[in-house]
Amino acid sequence: MGFEEMQTQQFVESSFWNFDALYQPQQHPARDAHDTFFIKTPAATLNLPADYVERVRATHEVGGDGLADEYNANSTGWRYDWSEHEARKNLLRTHTTAASSRTLYKIAELAKQQRGEFKPQKYFSIDRVFRNEALDATHLAEFHQVEGFIIDRNLSLGNLMGTIADFYRRLGPEFKDMKFKPTYNPYTEPSMEFHCYHEGLGKWVEVGNSGVFRPEMLRPMGFDEDVQVIAWGMSLERPTMIKYGFDNIRDLFGHRIDLNMVRKHPIVQWT
């Protein structure tokens, strides 16, 4: 499908790249300790791009009012006092979208060096994420996420839905039935969950979340107003459950896994 792989080898991430750069307000419940694993030592990051931090601050507080036109999202913002101390807190990343925010920032910085020359690009990652979840048949506190985004001019929701549907069609006939459902994300608008039917559980299972990144996320980086990013994050374990008939995610990944099953299963090759 023409995607390049992002650098994702960073389990410990700052709240800034995990939340703030995504235009997620600091009072959002996902940032509470009951949803996120915060790091005690080192508790805070020291290295953040100072100019960009100030643009993110202005966008959170007043929607970019007072910034140069090239960075102004022309939004109302979240209307609160943004805290750099809160943004510097370290955590176990809750999603690989933190890698997307870093990658997009690098793309924007490179475009500035090339005098505004912008090239459409596609990126993906597959890596581990961590959430303070109650464990059950479809939830883990540590799991894998397949992340992707496309950056280009004048992209639409139709482009997003078509890309996701194409990806799942390539996985096999188990994913022929797919539903898209409107949802809310602080950093995408519009936003959609997508669900596939699990024969063993006898119900529709959410396998991913998606949307179009908001101007409040992209404009502080320096992207033009007509540049859009369509993005998605999907579980690796849940589609695997559907394809291979697992009824409990804990039988697929974690300390309860049957090692004999791993050795014998056709998705694993021993050499």
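1. Let's start with strand β9, where Val227, Val229, Ala231, Gly233 and Ser235 point one way while Gln228, Ile230, Trp232 and Met234 point the other, and all of them are buried. This is a predicted model, so please read each point below in that light. Since nine of the nine residues of β9 are buried, the strand is largely enclosed by the rest of the structure.

2. Which strand pairs with β9 over nine bridges? That is β5, and the pairing is antiparallel. A handy spot to check the register is isoleucine 151, whose bridge partner in β9 is valine 229. With strand β8 (residues 203-213), strand β9 (residues 227-235) also pairs in the antiparallel sense, here over five bridges. In that pairing, valine 212 stands opposite isoleucine 230 of β9.

3. Now for the sheet as a whole. It is an open sheet of seven strands with mixed pairing, in the order β1-β4-β5-β9-β8-β7-β6. Its edge strands are β1 (4-5) and β6 (178-185), each of which pairs on one side only. Helix α4 (residues 97-113) packs on this sheet and touches β4, β5 (142-153), β8 and β9. The direction of α4 makes about 30° with that of β5.

4. Helix α7 (residues 237-244) deserves a look of its own. It lies across β5, β7 (188-198), β8 and β9, and runs at about 140° to β8. How many of the eight residues of α7 are buried? Six are, so to speak of the helix as mostly covered is fair under the cut-off of under 20% relative accessible area. The buried residues are Glu237, Arg238, Pro239, Thr240, Met241 and Ile242. They pack against β5, β7, β8 and β9, and also against α5 (157-171). After the helix comes glycine 245, with a positive phi near 75°.

5. Helix α2 (residues 50-62) passes a simple geometry check. At 1.5 Å a residue, its 13 residues should span 18 Å, and the end C-alpha atoms are indeed 18 Å apart, which agrees. Its buried residues are Tyr52, Val53, Arg55, Val56, Ala58, Thr59 and His60. Their packing partners are α1 (15-18), α3 (84-87), α4 and α6 (215-218). Glycine 63 follows α2, and its phi is positive, near 75°.

6. In strand β4 (residues 121-130), I would look at isoleucine 126 and aspartate 127 side by side. Isoleucine 126 counts as partly exposed because its relative accessibility is 43%, whereas aspartate 127 counts as buried at 14%. Leaving out residues up to four places away in sequence, isoleucine 126 touches Gln145, Val146 and Leu236. The C-alpha atom of isoleucine 126 is separated by 8.0 Å from that of threonine 8, though the two residues are 118 apart along the chain.

7. Which side chains make polar contacts with that of aspartate 127? One is threonine 8, at 2.6 Å, and another is arginine 93, at 3.2 Å. Beyond its neighbours within four places in sequence, aspartate 127 is in contact with Thr8, Gln9, Phe11, Arg93, Thr96, Phe143, His144 and Gln145.

8. Finally, the aromatic residues. A search of the whole structure finds 15 aromatic pairs. In one of them, the rings of tyrosine 168 and phenylalanine 175 have centres 5.4 Å apart and planes at 50°, so the pair is tilted. Tyrosine 168 counts as buried at 1% relative accessibility, and phenylalanine 175 counts as buried at 3%. Another tilted pair is formed by tyrosine 187 and phenylalanine 213, with 6.2 Å centre to centre and 50° between the planes. Tyrosine 187 sits in the loop between β6 and β7 and phenylalanine 213 in strand β8, so this pair ties together parts that are 26 residues apart in sequence. Tyrosine 187 is buried at 13% relative accessibility, and phenylalanine 213 is buried too, with a relative accessible area of 4%.

9. One last aromatic item to inspect on screen: Phe167, Tyr168, Phe175, Phe180 and Phe194 form one cluster.

Definitions and conventions. Residues numbered from 1 in each chain as written. Predicted model: local features only at pLDDT ≥ 70, side-chain atom pairs only at ≥ 80, totals over all residues. Heavy atoms only, no water. Helix = DSSP H or I, 4+ residues; strand = E, 2+ residues; numbered from the N terminus. Buried < 20%, exposed > 50% of the residue type's maximum accessible area, 1.4 Å probe, protein only. Contact = heavy atoms within 4.5 Å. Polar contact = N/O pair within 3.5 Å; in protein donor to acceptor, adjacent residues only side chain to side chain. Pairing = 2+ DSSP bridges. Axes fitted to C-alpha atoms, helices over the stretch in contact; angles between N-to-C directions. Expected span 1.5 Å × (residues − 1). Phe/Tyr/Trp six-rings, centres within 6.5 Å; stacked < 30°, edge-to-face > 60°.
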